[in-house]
Amino acid sequence: MRMFRSAAVAALAMSAYAATGPTAAAQTPTATPPAGATPAANTLAFSRVIDLGQGISMLMGAGGNMAVSVGADGVFLIDDQFVTNGSANLAKIEEFAKGKPKYIINTHWHYDHAGGNGAFATAGATVFASDNVRKRITGERVTTGRQALTAPLPKADYPVVTFVDGIDFHLNGQTIRATRAPLPAHTDGDTFVYFVEADVLHTGDTYMKDRYPYVDTGSGGTQAGFIAALEKMLTIAGPNTKIIPGHGELATRADLQAALDMHKGARAAVEAQVKAGKTIEQTLAAKPLKQWTARFGGATGFINEDSYVTVIYEELKAKG
Ligand SMILES: [Zn+2]
């Protein structure tokens, strides 16, 4: 059983890393790299800490960006990356924060954001997430496509407190306001988290700095949801809000606005092709997103112009 779970988890970690990072070899959580070898990136703890004031920091490394609030009431964490680096991240956060996280919130269920849940929960953290995050992790909602589960995840990974529209935490002098995305966007369980007093917003993967989005349709995601999510976040963010994207460098309100403009423009450009009766091949060949690709087309792997055009095209066709 343990061997089975370990192999399954390694396969999941590999598929998630392939989804978000440039290259990495699969490693089981207990695998020891050969002497002299460089460990896979997703076995390492976060490597960069960006101080955002009032005890809040952005933690960057393999996988999704994390955020931590440290203060008199304890350690609060947003996202926990991979199963493969959960224990390494836990040890480094404990050293940095002088305590283990008491509360964790998952922005969504993907392996590079919620994969560490088990390691942190076993060390005493309570994991919060939207209802659909739990349903995806337990398998109650079946996920298809790139992120499909090949084996059930262990119970320690399950969020134990769930919410539908949002939830507020009152810790470390902050109102920490988690808000559910208005529509399924990156997945059907997306939440963004705003530290009201510190004016810091963690977007989850509804925003990745200067990249085309990953619309995970196998997890219920929709392109229309990205537009709705960005519009909602722009009502939360002020002129000076520090914005932590799901992936990429710290961003600004102007960056979020540029992403919204791109999403709306991309939808209109693809819709023009659909309305003109073009096939998907003709639409891809027309490069309808070319004006945005210089800024948003830099990611490697499957997050690219053509995959984004395809998702929009299929969504508009299905809508009729
Ligand atoms: Zn994701």
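Two residues count as in contact here when their C-beta atoms, placed from the backbone, lie within 7 Å. With that in hand, the packing around helix 2 is a good place to start in this predicted model. Strand 3 (66-71), strand 4 (74-78), strand 5 (101-105) and helix 4 (117-122) are among the elements that cover the buried residues of helix 2. Those buried residues are Gly86, Ala88, Asn89, Leu90 and Ile93. The helix itself looks regular in length: at 1.5 Å a residue, the 12 residues of helix 2 (residues 86-97) should span 16 Å, and the end C-alpha atoms are indeed 16 Å apart. Right after helix 2 comes Lys98, with a positive phi near 60 degrees.

Stepping back to the whole protein chain, there are 10 helices and 12 strands. Of the 320 residues in the chain, 47% are buried. Looking at contacts with a separation of 6 or more, 65% are between residues 24 or more positions apart.

The three strands that help cover helix 2 belong to an open sheet of seven strands, ordered 1-2-3-4-5-6-7, with mixed pairing. Its edges are strand 1 (48-53) and strand 7 (161-163), each of which pairs on one side only. From one strand to the next, the twist averages 20 degrees. Strand 3 and strand 4 make a hairpin, with two residues between them. These two strands run antiparallel and are joined by five bridges, with Val68 standing opposite Leu77 in strand 4. On to strand 5, the sense changes: strand 4 and strand 5 run parallel, joined by four bridges, and Ile78 stands opposite Ile105. Strand 4 is mostly covered, with four of its five residues buried. Strand 5 and strand 6 (residues 126-130) also run parallel, this time over three bridges, and here Tyr103 stands opposite Thr126 in strand 6. Helix 5 (residues 131-138) lies across strand 6 and strand 7, running at about 105 degrees to strand 6.

A second open sheet has five strands in the order 8-9-10-11-12, again with mixed pairing. Strand 8 (166-171) and strand 12 (242-244) are its edge strands, each pairing on one side only. Neighbouring strands in this sheet are turned by 15 degrees against each other on average, direction ignored. Strand 8 pairs with strand 9 (residues 174-180) in the antiparallel sense over six bridges, and the bridge partner of His170 in strand 9 is Thr175.

Strand 9 also holds Ala178. Ala178 has 23 other C-beta atoms within 10 Å, and the cut-off for buried is 20 or more, so Ala178 is buried. Leaving out residues up to four places away in sequence, Ala178 touches Ile105, Gly166, Ile167, Thr191 and Val193. One of these, Ile105, is the residue that Ile78 stands opposite in strand 5 of the seven-stranded sheet. Ala178 and Leu201 are 23 residues apart along the chain, and their C-alpha atoms are separated by 9.7 Å.

Leu201 turns up again in the largest nonpolar core, which has 67 residues; Ala67, Val68, Leu77, Ile104, Leu201 and Leu256 touch the most other members. Domain 1 (43-252) and domain 2 (263-319) both give residues to this core, so the core lies between them. Val68 and Leu77 are the pair already met facing each other across strand 3 and strand 4. As for Leu256, leaving aside neighbours within four places in sequence, its contacts are Tyr207, Leu230, Met233, Leu234, Ala237, Ile243 and Ala251. There is also a second, separate core of six residues, including Ala40, Ala41, Phe82 and Val83.

Towards the end of the chain sits helix 10 (residues 305-319). Its 15 residues should span 21 Å at 1.5 Å a residue, and the end C-alpha atoms are 21 Å apart, so the two agree. Tyr308, Val309, Val311, Ile312 and Tyr313 are buried in helix 10. What covers these buried residues includes helix 6 (223-236), helix 7 (253-275) and helix 8 (280-285). Helix 10 is followed by Gly320, whose phi is positive, near 80 degrees.

Technical notes: Residues numbered from 1 in each chain as written. Predicted model: local features only at pLDDT ≥ 70, side-chain atom pairs only at ≥ 80, totals over all residues. Expected span 1.5 Å × (residues − 1). Buried ≥ 20, exposed ≤ 12 C-beta atoms within 10 Å, placed from the backbone. Pairing = 2+ DSSP bridges. Axes fitted to C-alpha atoms, helices over the stretch in contact; angles between N-to-C directions. Core = buried A, V, L, I, M, F, W, Y, C linked by C-beta atoms within 7 Å. Domains from an automatic or database assignment.
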